[in-house]
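This briefing considers how two protein chains meet and whether their cysteines are linked. Please examine the sequence and the structure before reading on.

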Amino acid sequence: MTAATLERGLTALKEHIDAPVAAFFSSCVHCGLCAEACLFYTETGDPKYAPIRKLEPLRRQWRREYTLVGRLGALLGLIKPLTDDELAEWAHLIYDSCTMCGRCTLVCPVGNDLTYMIRKLREGMAASGHARKGLVEAAKKTIKLGSPMGVQLPALNAQIRRVEAEVGLPIPVDVAGVDYMVILSSMEVIQFPEIIGALARIFDRAGVTWTIPSSGFEATNVGIQIGSRDIAEEIVRRVVEAAEKLRVKYVISPECGHAYVALRWEGPNLLGRPYRFEVIHLMELLAKLRAEGRLPLAGKHDQRVTFHDPCQIIRRGGIDQEPRDLLNEITEDFAEMPDAGIWNWCCGGGGGVSAVDEAEHLRTKVFSRKMCQLDEVHPEQLVTACANCRNIIEEGLEAYNKDIEVIGLTELVAEYLAPDETAPAEGGDGS
Amino acid sequence: MTSDPAMDLLMWARGPGFQIATVVLLFGIVLRIVEILALGRARDLAPPKASPAQSGLRTVFSRFLPRHGMAMRSPVIHIGGYLFHAGFFIVLLFFGPHIQLFEEGFGIGWPGLPSPLIEAVTVISMVALVAVLIARVRDPVRKLLSTFEDYAVWVVTFLPFLTGFMAVNKLGLPYTWMMALHVLSVELLMVVLPFTKLTHAVTFLFARYYNGWVNGRKGAAT
């Protein structure tokens with residue numbers, strides 16, 4: 001990263017303002033409805049968290065640079081340029097109290113995509129040196145070590161060997177020419193390695209050829225969260241290089257919200273070219289295998305479960321029905337929370353907020369929204385499809401003294417795979 | 001030639017005044033649209049899951065309806081907002097004398113609504129505007145977001161209703177004065193529209209389309 005300066009930040013803002021941004025700011029009537037959609041406002045009642053207000057620095061820059069009235073105002077000294085102090089003050093609003101969950105985008109009556117603009121505003125914040133320290137550290141670690149949590153190949157290998165012993169199936173690494181490449185988030189490797197075993201069992205049963213790459217296995221992309229095109233591009237490039245070297249047909253975006261956005265939606269634009277493979281989200285793949293009859297399921301989970309839609313997968317990713325179909329198939333008692341689906345509330349830790357120390361207190365406070373949702377259905381278990389959501393929800397439940405188990409959907413699916421009747425019996429021919 | 005300042009003002013307002021206002025309105029709207037389109041946007045290289053343009057167009061219309069749970073959370077803004085917007089277009093387009101102006105200007109007319117109905121709509125619109133103003137001042141979010149422009153624009157939007165109502169009902173100033181003020185208040189609205197948040201009257205089409213485009217191509221609900 002080159003040294004961050006105010007000038008670089010303002011230039012970055014200028015570069016990221018496009019026709020949609022201009023249309024959005026031109027149309028805002030200050031109706032305040034975006035606040036009603038934002039858990040940072042609903043749970044605190046503090047008007048400063050109104051989403052459109054978080055965008056004030058970007059609006060100022062747009063007005064000053066790209067409107068006739070604003071340019072005249074600037075010329076007459078009536079519209080002042082942004083200062084370092086102002087950006088520093090706004091860091092709390094832009095990084096600590098926005099998970100880029102996209103709910104405000106969905107309610108705006110004039111149709112403003114506020115989330116789209118926060119993503120751009122963060123580019124200016126990072127370039128001017130006002131990104132949060134936690135994210136800057138995570139970015140540095142990712143560039144240097146390959147992962148925001150410092151997870152390197154030896155750690156992954158250790159987990160792979162452990163999982164192999166546990167499930168009795170080989171975990172292919174660096175196998176070229178297979179159909180699918182699996183990438184993981186550090187959170188999964190460290191905190192939830194059972195996902196690797198679940199994938200091995202599902203793919204074995206479905207006859208899917210797959211591999212994990214020894215480099216470029218990190219799915220999370222802190223560049224997207226901090227707001228740095230360069231970092232985001234570098235992280236995506238590692239995955240793309242691995243996939244193209246191994247000549248896979250698909251890369252599976254794992255149970256991680258923003259990793260999907262980074263790889264599936266932003267990646268080709270960051271690299272400036274389409275991929276030579278397809279990106280498929282794990283939920284999409286499971287649904288596809290199920291539809292093809294390659295994922296035989298048996299038995300029903302008898303615990304009362306609910307499903308938490310990760311924001312980046314549902315609202316910013318368009319994956320809605322797939323997890324529900326799977327859950328309906330394998331559970332007896334699946335209860336939807338109020339506002340489930342596209343209107344689900346964020347866990348409070350997305351968009352990089354979970355990596356920001358300054359946000360920790362606020363994040364726990366706004367988890368009260370999830371508690372309200374849970375109190376309507378009283379599940380024994382909460383199922384989700386994002387390791388970060390999972391971690392944040394576990395922490396939140398602990399802070400609120402609530403005894404609900406949090407599990408990943410893929411693991412639950414793996415538990416209900418139908419026994420393979422064609423498989424050789426234990427201690428069979430041994431070939 | 002008699003000198004009647006009220007008539008002179010009305011004639012100016014209906015003549016040169018209206019022409020100036022129309023030119024400013026049209027120039028301003030074109031300027032604002034150019035300001036948006038000139039910025040352009042990058043081609044999206046990620047393969048779409050659904051038609052972006054279709055989603056964009058759908059979103060232009062779908063956002064006319066209240067969004068999930070929002071009407072309950074901000075009832076005054078919703079009810080007041082709908083009533084005012086509907087009232088504005090009903091009075092503008094279906095009041096007999098207004099239709100006559102359109103007929104003079106464009107050569108096409110259409111049937112109007114009975115005057116008592118138009119008057120009722122006018123009163124409802126004004127009440128709705130007062131309600132949303134109160135909701136603006138009392139709600140901490142809207143209060144914080146509001147600048148001088150929000151209040152100035154409110155006045156500019158309210159005046160044509162008020163002056164029109166007063167002129168028709170022979171209230172306040174003599175009729176000719178009142179009519180002149182009414183026409184001038186409309187012209188003020190026309191002149192400020194492109195340079196304030198009132199420009200949303202046109203740019204909301206772009207905003208909604210872009211929103212639908214960006215998110216719809218991901219297959220996400222908009």
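**The interface of chain B and chain A**

In this predicted model, 26 residue pairs are in polar contact across the interface of chain B and chain A, both residues of each pair being at pLDDT 80 or more. Several helices of chain B take part: H1 (5–37), H3 (70–73), H7 (140–145) and H10 (200–216) each supply at least two residues of the side that touches chain A. Of these, H10(B) gives the most, with 10 residues.

**Composition and extent**

- The side of chain B that touches chain A comprises 20 nonpolar, 12 polar and 17 charged residues.
- In total, 49 residues from chain B and 59 residues from chain A enter the contact.
- The two chains bury about 4500 Å² between them, and 61% of this area lies on carbon and sulfur atoms.
- Within chain B, the most area is lost to chain A by Leu39(B), Leu145(B) and Lys218(B), which together account for 14% of what that side buries.

**Salt bridges**

- The interface of chain B and chain A contains 2 salt bridges.
- One of them joins Glu284(A) to Lys49(B), with the closest N and O atoms 2.8 Å apart.

**Cysteines**

- A disulfide is a covalent bond between the sulfur atoms of two cysteines.
- Over all chains, the search finds 0 disulfides.
- Cys256(A) is buried, at 3% relative accessibility, and its closest cysteine sulfur, in Cys386(A), is 5.2 Å away, too far for a bond.
- Cys347(A) is buried as well, with a relative accessible area of 2%; the closest cysteine sulfur to its own, in Cys389(A), lies at 4.2 Å, which is also too far for a bond.

How values were computed:
Residues are numbered from 1 along each chain as its sequence is written. Chains are lettered from A and ligands numbered from 1 in the order in which they are written. This is a predicted model: local features need pLDDT of at least 70, side-chain atom pairs count only at pLDDT 80 or more; totals for chains, interfaces and linings use all residues. Side-chain values use heavy atoms; hydrogens and water are left out. A disulfide is a pair of cysteine sulfur atoms within 2.5 Å. Buried means under 20% relative accessible area, exposed over 50%, partly exposed in between (1.4 Å probe, protein chains only). Contact means heavy atoms within 4.5 Å. Buried area is the accessible area (1.4 Å probe) that two parts lose on being put together, summed over both. A salt bridge is a side-chain nitrogen of Lys or Arg within 4 Å of a carboxyl oxygen of Asp or Glu. A polar contact is a pair of N or O atoms within 3.5 Å; within protein, one must be able to donate a hydrogen and the other to accept it, and residues adjacent in sequence count only if both atoms are side-chain atoms. Helices (H or I, at least four residues) and strands (E, at least two) are DSSP runs, numbered from the N terminus. Ala, Val, Leu, Ile, Met, Phe, Trp, Tyr, Cys and Pro count as nonpolar, Asp, Glu, Lys and Arg as charged, and the others, Gly among them, as polar.
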